[in-house]
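The following paragraphs lead through a two-chain structure, beginning with the contact between the chains and ending with selected sites inside each of them. Please keep the sequence and the model in view while reading.

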Amino acid sequence: MTRLWKSPTVAVGALIVGAWILVAILAPWLSPQDPLKSLTPLALPGGTGPQGQTLWLGADLLGRDILSRLIWGARPVLLLATLATGCAYLLGVTTGLIAGYVGGWTDEILSFVANVVLSFPVLVLYIVVIVSFGASPVNVVLAVTFGSAPAVFRIVRAVTVDIAARDYVAASRAQGEPAWRILLQDILPNAAPALTVDFCLRLAYSAITIGALGFLGLGLPPPAPDWGGMVSEGRALAFAFPHLVLFPCLAIASLALGLSLIADGLQADRDSR
Amino acid sequence: MTALDAPVLTVRGLSLALPKGADRPFAVEDVSFEVRRGEILCLVGESGSGKTALSHAIMGALPAGLKRSAGEIRLGDRSLTDLSAKDLRRLRGDRMAMIPQEPIAALNPSIRVGRQIEEVLELHTRMTPAARRERCLSLLAAMKIADPERVAGSWPHQLSGGQCQRAVIAMALAVHPDLLIADEPTTALDVTTQAQILTLFGDLRARGDHGILMVTHDFGVVAEVADRVAVMRHGQIVEIGPVDDILKRPTHPYSRQLIDCLPRATPEPRPAPAGDAVLSLQKVCKSYGQRQILKDIDLTLQRGSTLSIVGESGSGKSTLARLLVRLTACNAGQALMEGEDLFDLRGAALQRMRGRVQMVFQDPYGALNPRRTVGEIIGRAARLTGLDAKGAKARTLELLGLVGLPAEAYDRRPAAFSGGQRQRIGIARALATNPEILIADESVSALDVSIQAQILELLQSLQTRFGLSILFITHDLRVAGQISDTIAVLKDGEVVESGPPQAVLHSPVHPYTRALIQASPGGLA
C-alpha cells in the first residue's frame, strides 16, 4: 500500500478525488452562498451579488451562485456514482462467480442475459430505464447498475474460470469444502487485484454517465444542484457566457480524470509485479 | 595448440553481481571454464545455483538487476564482454545459439515452423529464398524429422513437444554456430522423447562442428551425453572434470551428495504387501467426448502399501487421480473401498469419503492459495473434520511439526516458502483429515533431486507411522522403483504391465515398458 502512494499517478489521482470528497462532505461550510437562492442573474466570474458578495465563478441564468452549486453538486455525483458502481459490482460479482464456477447451463443462461444487455447502446438503455421509471436518484442508480453489471459479470466470469482451474481450488474441492467457501476464500480474493482497477475505472464512467444523464434532463429533478444539469441549463447561452458550462464541465472532467489516474496507477503497479 | 583445439568458449573469473538485498551478493562468483569443439560440457546444479544466469550472461542477455562485476567471456578469440550491443546481436545466432527449455514457448505460434527457420537464414546469410527453403528442409531432415516438408508447413501447435524441440534445434543450427547453449533442453519432454533428443545431441557432438554447453539438473542426462561436467552450487563451480570421474569418484562433498540423492534404480526387495485391499478399481473408463482417456483400468491398492502408476504425458494418469478424488466424474467402472463404490457416493457419504482419500498435487506453486496463510490453509482442512477453531489450530501446529516445518510457518503465506517446503505444506493439508489413502500426483517431479529425496523420505515415514496407502503417480521409473510395492505402467489409458518393481524393472514383459526403461536417462541399472 505504501508503495502505491509513491507512484505520482496514484498520488495526483488520489489528491483530486480526495479533494472532491472533502468538498462534498464539507459542503455546508465551504459553500459561500445558498445554492438555490437567486442573486445576480448571469453575473460573470468575480462579479458581485446584491449584498456585495463576491461570486467567484459567477452566477447562472437564475442568478444562483455557480461555485456554491458546484460544491453542493459534488454530493449527488459522488454518492450516486459510488452507489451505482457498488450495486453493479454486487450483482456482477455474484453472478460472475456463479457462472464461472458452476459452468454449464447456469453459465449459458447468465452469459446470454449479459450479452443481450451489452448489445444495447448504453445510453439508450439508461434513457429507456429512466423514462419508464421516472427521473429520481434511485432510478439513476438502478439504470447505471443495470448498464454496468453485465460488463462486471463478464470480467468476473473470465477470471473465475481461470482461477477455478488452479490446483488450490481442486485441493479445496477434494477436501469437500462447500462451493460458497471456495468462491469466497479461494476465488474472490485472488480475483480482487484484477477487479480493483476495473472498479476505479467504472467509478469514473459512472460519474461521467451521471453527468450525461443530468445533461439529458434524466438526472436529479431541478432545482437540485447537478453538474450535468448545470451544463444543460447553460448550453443555450454558452457562447455568450462560457462560464455557465465551463466550470461544471471542468468539475466532471477532473473527477473522472482523478479516478482514471488511480486506476492507471493500480494497473501499472499490478503489471510491475 | 592448433586452431581446432582452441576452445570455442572461454569463461575466466566471471562474477555476476546480484542487486543489493538479495540472499547472496553474487548470482555467479568467480567462475572459469572452457568449452571445446566437439564436446558437451554439462553445467549441473539445483535451482538457484546460478546456472541459468551464467548461460544467459554468455548469450549477452542478462536478466534485469544482474551486473557483470568481474571476469571475461571469450567466444573463440573475441572477447564478448566489451562488444557493443549491435556486434553482440550479430554474433548471437551467427556464432552462438541457444536452445531453450520450453520448445513450444520458443516458437512463434502464429508463424509456420519452416518460415521461422528461414527467417534466421534471412537475417544472417545472403541466401536466395530457394536456397533458404532447401537449407531449412535439409536441417529438419538432419534432425531426423521423418517428413520435413510437412513439419516446415505446420504451425507449432500442430507438432508434438519432441518435434518442436527438433525444429528449435534446427533453427539454432541454421547458421553453423560455434557454440550451442542448451538450457534444460529435455526437461519438458517425455522420457522416450528425451532419449531421442539426447541421441540427437550425441550425433551433433560426433560431427565435431560445435561446442555444446548444456545446462541441466538431471544427472541421468549428464550420464547420457556429457563429456565433462561442472557442478554448480551457490553460484560457484565446486567441481569440474570428466564425466566418469565426477559420477564415479566425486571429490567435492556436494557432488557426492547430489549423486547420492538420485533415486536408486535397483529397488530394494520389499516384502509383498500383506494387507487387505483398501481400494480396488474395476473396469474404470473415462472419456471426453470421442476421446477415450482411460480404458478398463483394473488395479488394487493394498492397505499400507504404495502403488505407483507410471506413464508419459497423455497416458491418463492424472485423470485417474482426479477421478479418485471425485474432481471429475467417471463414465463406467467402480472404485471399491470397503465394499462401497467411491464413484457412487453422494452427500454426507461423499463428504466422509473425501476425508479418507486425499491428494497431494504436482505443482507446489499452484496448489496453495497465495492469499491465505499456511495456518488458514491447513486449518480449513482440519475444521472440516469437525474441530473447533482452537482444536484446528492445535492440529495444524501438530501437522506442521509432522511434516518438518517450524511453528512459525503458521502465520506466513505460501510465497515465503521454497518448492520443497510448499510440498510439505500440501502434504500437511492432505493429512489434516486423517486420510487412509494418499494420492500423490507427480508430487516430487517439480523438485530438485535433493529435495525430492527428502519428500520421498517424508512420505515413506508418514506411511509407516499412519499405515497410509499411497497411490503414487509419476513419469519417472526411477522414483517409482525406489518407493513402490507395486508398479503399474499406463499407456494410452491402459495398464500394459503391473507387478512388483523388481519384476517390472528387471524383466519387463511389455515392449512399452522395455522402451521406457531403455529411454530412462542414465540407464536404470
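A salt bridge is here a side-chain nitrogen of Lys or Arg within 4 Å of a carboxyl oxygen of Asp or Glu. By that criterion, two salt bridges are counted between chain A and chain B in this predicted model. One pairs Glu177(A) with Arg380(B), whose closest N and O atoms are 2.8 Å apart. On the side of chain A that touches chain B, α8 (167-174) and α9 (179-215) each supply at least two residues. The largest share of that side, eight residues, comes from α9(A). Polar contacts are also present: 16 residue pairs across the interface satisfy the rule, both members being at pLDDT 80 or more.

The extent of the interface can be described in residues and in area. Chain A contributes 19 residues to the contact and chain B contributes 22 residues. The size of an interface is often given as the accessible area lost when the parts come together. Between chain A and chain B, about 1,800 Å² is buried, and carbon and sulfur atoms give 48% of that area. Within the area that chain A buries against chain B, Asp167(A), Ala174(A) and Gln175(A) supply 35%, more than any other three residues.

Elsewhere on chain A, a nonpolar patch lies on the surface. Ile21(A), Leu22(A), Ile25(A), Leu26(A), Trp29(A) and Leu30(A) form the patch, and together they have about 630 Å² of accessible area. Two elements of chain A, α2 (8-25) and α3 (27-30), give two or more residues to it. The most comes from α2(A), with three residues. Leu26(A) is placed in the loop between α2 and α3 of chain A. Because its relative accessibility is 34%, Leu26(A) counts as partly exposed.

Helix α10 of chain A, residues 227-234, presents another situation: the helix is mostly covered, with six of its eight residues buried. The buried residues are Trp227(A), Gly228(A), Gly229(A), Met230(A), Val231(A) and Gly234(A). They pack against α2, α4 (66-102), α9 and α11 (243-272) of chain A. Here α9(A) appears again, having already supplied eight residues to the side of chain A that touches chain B.

Attention now turns to salt bridges in chain B. Over all chains, the count comes to 38 salt bridges. In one of them, the side chains of Arg205(B) and Asp227(B) meet at 3.0 Å, N to O. Arg205(B) belongs to helix α8 (residues 191-207) of chain B and Asp227(B) to the loop between α9 (219-225) and β9 (228-233), so the pair ties together parts that are 22 residues apart in sequence. Asp227(B) is partly exposed, at 27% relative accessibility.

A further group of salt bridges involves Arg303(B). Its bridge with Glu338(B) has the closest N and O atoms 3.6 Å apart. Because Arg303(B) lies in the loop between β12 (291-302) and β13 (306-310) and Glu338(B) in the loop between β14 (332-337) and β15 (340-341), this pair ties together parts of chain B that are 35 residues apart in sequence. Arg303(B) is partly exposed at 29% relative accessibility, and Glu338(B) is exposed, with a relative accessible area of 54%. Arg303(B) also forms a salt bridge with Glu436(B), again with the closest N and O atoms 3.6 Å apart. That pair links distant parts of the chain, 133 residues apart, with Glu436(B) in the loop between α16 and β17 (437-441). Glu436(B) counts as partly exposed, at 22% relative accessibility. Through shared partners, salt bridges join Asp276(B), Arg303(B), Glu338(B), Arg356(B) and Glu436(B) into one network.

Two buried positions of chain B complete the account. Which residues surround Ser484(B), not counting those up to four places away in sequence? Ser484(B) touches Arg270(B), Thr306(B), Ser308(B) and Pro501(B). Its loop runs between α18 (477-483) and β19 (486-491) of chain B. Since its relative accessible area is 1%, Ser484(B) is buried. The side chains of Ser484(B) and Ser308(B) make a polar contact at 2.9 Å.

Gln423(B), placed in helix α16 (residues 419-431) of chain B, is likewise buried, at 2% relative accessibility. Beyond residues up to four places away in sequence, Gln423(B) touches Val360(B), Phe361(B), Gln362(B), Pro364(B), Ser443(B), Leu447(B) and Ile455(B).

Definitions and conventions. Residues are numbered from 1 along each chain as its sequence is written. Chains are lettered from A and ligands numbered from 1 in the order in which they are written. This is a predicted model: local features need pLDDT of at least 70, side-chain atom pairs count only at pLDDT 80 or more; totals for chains, interfaces and linings use all residues. Side-chain values use heavy atoms; hydrogens and water are left out. Patches are made of residues with over 30% relative accessible area and no salt bridge: like charges are joined within 9 Å, nonpolar side chains (Val, Leu, Ile, Met, Phe, Trp, Tyr) within 5 Å. Accessible areas come from the Shrake-Rupley method with a 1.4 Å probe; for residues, only the protein chains shown count as cover. Helices (H or I, at least four residues) and strands (E, at least two) are DSSP runs, numbered from the N terminus. Buried means under 20% relative accessible area, exposed over 50%, partly exposed in between (1.4 Å probe, protein chains only). Contact means heavy atoms within 4.5 Å. Buried area is the accessible area (1.4 Å probe) that two parts lose on being put together, summed over both. A polar contact is a pair of N or O atoms within 3.5 Å; within protein, one must be able to donate a hydrogen and the other to accept it, and residues adjacent in sequence count only if both atoms are side-chain atoms.
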